[in-house]
Amino acid sequence: MDRQQTLRRQISCVGIGLHSGNKVTLSLKPAAADFGIRFRRTDIGHREVPATVQHLAGIQLATGLASDEVAVETVEHLLAALVSVGIDNVLVELNSPEVPIMDGSAAPFIYLIHEAGVKRLPEARKYLKIIRPIAISRGDKRIALYPSDHFKVTYSVSYDHPLLRHQSRTLRITEESFTEHIAPARTFTFLKDVEMLRQNGLALGGSLENAIVLGETGVLNNALRFEDEFVRHKILDAIGDLALVGYPVIGHLVAHRAGHALHTEFAVKILEETHAWRLVELSDAAALPVSMGLKHAAPRLAN
Ligand SMILES: [Zn+2]
């Protein structure tokens, strides 16, 4: 049986918020089965915000959550790391409204999770298995989920910039593929937008230490981690935003020129389209692809 997981022990790190520029301490703490992923603000009465679409707030430059007066910003890179490593239940404590940006990627969070260790719980994990297509388009921006035997992402981006025209990538997402190919991809911005962000009191913590900055003729950081680091980071963002449905998804996510606003609108729509998916446990033979016998499928689907 495929079981829920949490962390083996508590672990902490310190970083700065990308938009606020404030120093923040982040702690990840083990939690019981069916607790889900919840944020807790230790600076305002230990109040909690669950990481679900019901608490979405602020989705322009990053994904934010709020419950009553309690807000948490820039949750997507941490969520992507947690769900890709298979952490279903965790309490995320912050002493500031923003998850630290670290190096702009999810790699530091993967490192933290591995340092804490993963603990299996007795309870079965439920997956949201797509059985009919779900899609949204807004102008030339599109996002869709199709039935598939695995969680797979195809993402394409196109920009009007000499260094970044069109990039596209398809990847089956597993802990290994995410850790190697997606987690290290950093967030990016265009130099011409940095001044506008600063004037609006945003990206105050932004620097070449935590974002790729594209100038007119080159990348100000000197080097990229991957030739197509930009589209890889879009995949990272999409995985983090999709985590807000509250279950790991089995399906093929296909997105073109989307962003946080469309990703999160889509996460809401998925939960509304109840005829397009069902909740399954992987011990359930009915959840397996018709062409695969249980005997062969079990090792491939096991964690
Ligand atoms: Zn991002």
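**Group meeting: the zinc site and the cores**

Okay, let's start with the metal. Along the sequence, the residues that donate to the zinc ion follow the spacing H-x155-H-x3-D. His77 sits in helix H1, residues 76-85, while Asp237 belongs to helix H5, residues 229-242, so this pair ties together parts that are 160 residues apart in sequence. One caveat before I go on: this is a predicted model.

So which atoms are the protein donors of the zinc ion? They are NE2 of His77, NE2 of His233 and an OD of Asp237, at 2.0 to 2.1 Å from the ion. His77 and Asp237 are both buried, by the way.

Next, the nonpolar interior. In soluble globular proteins, nonpolar side chains tend to be buried together. Here, the largest nonpolar core has 66 residues, and the members touching the most others are Leu28, Phe39 and Phe178. There's another core apart from that one, made of seven residues, including Leu164, Phe188, Ile212 and Val219.

Let's stay with Phe178 for a second. What does Phe178 touch, if we skip residues up to four places away in sequence? The list is Ala80, Ala81, Ser84, Ala106, Ile110, Ile173, Ala183, Pro184, Leu236 and Ile239. Remember that helix H1 spans 76-85 and helix H5 spans 229-242; Ala80, Ala81 and Ser84 fall in the H1 range, and Leu236 and Ile239 in the H5 range.

Ile110 is on that list too, and you'll find Ile110 in helix H2, residues 107-116. Is Ile110 buried or exposed? Its relative accessibility is 4%, and the cut-off for buried is under 20%, so Ile110 counts as buried. Again leaving out neighbours within four places, Ile110 contacts Ala81, Val85, Phe178, Thr179 and Ala183. If you want a distance to check, the C-alpha atoms of Ile110 and Lys152 are 19 Å apart, with the two residues 42 positions apart along the chain.

Now a polar residue: Ser67, in strand S7, residues 64-67. Ser67 has a relative accessible area of 17%, so Ser67 is buried as well. Leaving out residues up to four places away, Ser67 touches Glu48, Val49 and His55.

Last stop, the surface. Leu191, Leu208 and Leu220 make up a nonpolar patch there, and together they have about 240 Å² of accessible area. Where is Leu220? Leu220 is in the loop between strand S17, residues 212-214, and H5. At 36% relative accessibility, Leu220 counts as partly exposed.

Technical notes: Residues numbered from 1 in each chain as written. Predicted model: local features only at pLDDT ≥ 70, side-chain atom pairs only at ≥ 80, totals over all residues. Heavy atoms only, no water. Donors = N, O, S within 2.8 Å, 3.2 Å for Na, K, Ca; no water. Helix = DSSP H or I, 4+ residues; strand = E, 2+ residues; numbered from the N terminus. Buried < 20%, exposed > 50% of the residue type's maximum accessible area, 1.4 Å probe, protein only. Patch = residues over 30% accessible without salt bridge, like charges linked within 9 Å, V, L, I, M, F, W, Y side chains within 5 Å. Areas by Shrake-Rupley, 256 points an atom, 1.4 Å probe, with all protein chains shown as cover. Salt bridge = Lys/Arg side-chain N within 4 Å of Asp/Glu carboxyl O. Core = buried A, V, L, I, M, F, W, Y, C linked by side-chain atoms within 4.5 Å. Contact = heavy atoms within 4.5 Å.
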